[in-house]
Amino acid sequence: MMAADAAGRIVDLVREDRVHGRLYRSEEVFKRELANIWYKVWVYVGHESEVPNAGDFVRRQIGLQPVIMVRDDDGGINVFYNRCRHRANLVCLAERGNAPIFVCPYHGWSYANSGELLAPTFEEGYAPERSMEEFSLTPLARVDSYRGLVFASVAVDGISLAEHLGPVAEFIDLFMDLSPDGRISLAAGSQKLKYAGNWKYMPENSMEGDYHGPFIHKIAFDLHARRTGLDVSSLHENEVPDVIRSLPGGHMVEDYRGAPLPPRKGEPSPARKAYAESMRQRYGETKAKTLLGTIAPLVYVFPNLIYVMTHLRVVQPVSPGQTYTYYYPVMLEGAPDEVNEGRLRDHEFMMGPAGFISPDDIEIMERNHHAMNATGDDWLFIGRGLHRERAMPDGGRSGMTMDETHLRGFWRHYAQLMDAPDV
Amino acid sequence: MSESALAETRPINIRDVERFIYREARMLDEGRFRDWLALWREDGIYWVPVKHGDADPARDVSIIYDDYLRLEQRVDRLLSGSVLAVQGTMHMRRVVSNIEITESTSGGTVAESNFVLGVSRSAEQQLWIGRSIYTLEADGANMRMIRKKVLLINSEHEMPLLQFLI
């Protein structure tokens, strides 16, 4: 049977070229999203570089559920519910840090970083035959990683992470391979933002910058061109086939391999030259040329992870009309410090609360949310390029630079998950 | 010693600092960003870190880390009329207090102050609170900023857009 709750049939709210405003506003829809998406599928939790040493931990959330990602003494990465097995207090309050053990502040129960209960307090009050072993921190039902990206799932059953990622893995590889070691680091931390709007605006907006860019980001593009000599505005003038990709699993990609960047003006610095050389050595001339001469693909891994230009962006739903978002600059292991520092400065130029690009997107999302209270005709139109989209061998579809092919793919997958029968 | 050289080496006192910080606050509140730019030495750094404590701008992401060129761009952008987050009716006023000189060296005078800034752009009034740490040098009768670091009390938490000068 289909999920029977007040949200109704989601497929009625997602047409081929349109989605209904209720999907962004409704409390019932939000509740169903938690159950059918956030607590079913693989959700990105963090990157292994955030917990390099035994005892390192970060606090995170999956949907509304607090979790911790922790490196144990054997070097493994665990994801636990952040909830004491005694009477449900947060065992970890700090957002990140290193701790030999987790001690619940309420009644002092303590846990190893492997999750094992070390000791309840005042143990003599429990019957000697009462085994306390069952009271380890509860791990997420499934935890797996891809190239250091750690994902977890609340659901016991489901497809493997490899199946969930499917063809999007190839695009994750492309931005990871900007590192001459093939490894990224999120050690630079994150900028944190909140906005009054639905979480789904973030993937939708993040992955369609070519269409809205000339309207809301023009001043930033002009300033960027003036500073770096790199003019990205031409990307919007000539549409290229197959840039926009929807992938099975609700993932979205903007693939710029067919749209090389104009060469940078001026002589590269010694550090940039050394970086380019190490890239050629690692990947060979042809692949290095693609990696260095095009914008790395913009990648959305359903439901909460986005790679854009300089950073990984994480989307955190709070309520239908409240969302948190985190911008983690991606540092390239093995690249010269100057290159990574340059990436940080480029990132701050564009992103975060005081950047020159992402704030315009955030403002648009808040205005979207306001406008959606006008319900005379409650449909949003996502039909650009519908007549010319192509089926791809990976099971997805492709469109031209400014088409909305990928948004349609996102919504098809969304409707399917939302209407999935209760098990 | 010439008169201008005398002025340059004149020690900065607390009254000078107060006058400077109040004037800067008024410029920022009233959107006089080009006047504000003129308060900077051209190798200045305007820094709003995320981390309180030992943040290293070469390794830790910042909310803002502007050299003078980027500061000019920030001002150009804010004055362009195309920044969506400042369109509409927007007013702001800040109260600056707790002004102290914390260090005086040949490299400049370090002064610190607290601020409370109210921003109104809709029915929801925003409150921004923090501490500004200035490195200043005498410039004739006036002073110039070599560095301004702003520690926002909410910099490590989820915050709304910061599309003005703080």
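## Residue A:Glu285

In this predicted model, A:Glu285 lies in helix H9 of chain A, which covers residues 270-293. The relative accessible area of A:Glu285 is 55%. Because the threshold for exposure is over 50%, A:Glu285 counts as exposed.

A:Glu285 is separated from A:Glu123 by 162 residues in sequence. In space, the C-alpha atoms of A:Glu285 and A:Glu123 are 65 Å apart.

## A three-stranded sheet in chain A

Chain A contains an open sheet of 3 strands in the order S3-S12-S11, with antiparallel pairing. Strand S3 (43-47) and strand S11 (142-146) are at the edges of this sheet, and each has a single partner strand, so one side of each lacks a neighbour in the sheet. From one strand to the next, the twist averages 30°.

Within this sheet, S11(A) and strand S12 (residues 149-153) of chain A are joined in the antiparallel sense by 5 bridges. A:Tyr146 is placed opposite A:Leu149 of S12(A).

## Strand pairing in chain B

Strand S1 of chain B (residues 40-49) pairs with both S2(B) and S6(B). With S2(B), the strand runs antiparallel and is joined by 4 bridges; B:Trp47 has B:Tyr65 in S2(B) as its bridge partner. With S6(B), the pairing is parallel, again over 4 bridges, and B:Ile45 has B:Arg147 in S6(B) as its bridge partner. Strand S2 of chain B (residues 62-66) is mostly covered, with 5 of its 5 residues buried.

Strand S6 of chain B (residues 142-152) also pairs with S5(B), in the antiparallel sense and over 10 bridges. One bridge partnership places B:Tyr134 with B:Lys148 in S6(B). S5(B) and S6(B) form a hairpin with 2 residues between them, and B:Gly140 in the turn has a positive phi of about 60°. Of the 11 residues of S6(B), 8 are buried, so the strand is largely enclosed by the rest of the structure.

## Helix H4 of chain B

Helix H4 of chain B spans residues 68-79 and has 12 residues. The distance from its first C-alpha to its last is 16 Å, close to the 16 Å expected at 1.5 Å a residue. Just after H4(B), B:Gly81 adopts a positive phi of about 85°.

The buried residues of H4(B) include B:Tyr68, B:Arg70, B:Leu71 and B:Gln73. B:Arg74, B:Val75, B:Arg77 and B:Leu78 are buried in H4(B) as well. As a general background to such patterns, an α-helix has 3.6 residues a turn, so residues three or four places apart point the same way.

## The second largest pocket

The second largest pocket holds about 930 Å³ of space. Its lining comprises 27 residues. Those nearest the centre of the pocket are A:Glu366, B:Arg121, B:Ser122, B:Glu124 and B:Gln126. By residue class, the lining divides into 12 nonpolar, 9 polar and 6 charged residues.

Elements of chains A and B give two or more residues to the lining of this pocket. In chain A, these elements are strand S14 (191-195) and helix H11 (358-371); in chain B, they are strand S4 (108-120) and strand S5 (125-139). H11(A) gives the most to the lining, with 6 residues. S5(B) therefore has two roles in this description: a contributor to the lining of the pocket and a partner of the largely enclosed strand S6(B).

Key: Residues numbered from 1 in each chain as written. Chains lettered and ligands numbered in written order. Predicted model: local features only at pLDDT ≥ 70, side-chain atom pairs only at ≥ 80, totals over all residues. Heavy atoms only, no water. Buried < 20%, exposed > 50% of the residue type's maximum accessible area, 1.4 Å probe, protein only. Pairing = 2+ DSSP bridges. Axes fitted to C-alpha atoms, helices over the stretch in contact; angles between N-to-C directions. 1 Å grid on protein atoms, 1.4 Å probe; cavity = no way out; pocket = protein on both sides within 12 Å on 5 of 7 lines; lining within 4 Å. Points joined across faces, edges and corners; volume = space filled by probe spheres on them. Nonpolar A, V, L, I, M, F, W, Y, C, P; charged D, E, K, R; others polar. Expected span 1.5 Å × (residues − 1).
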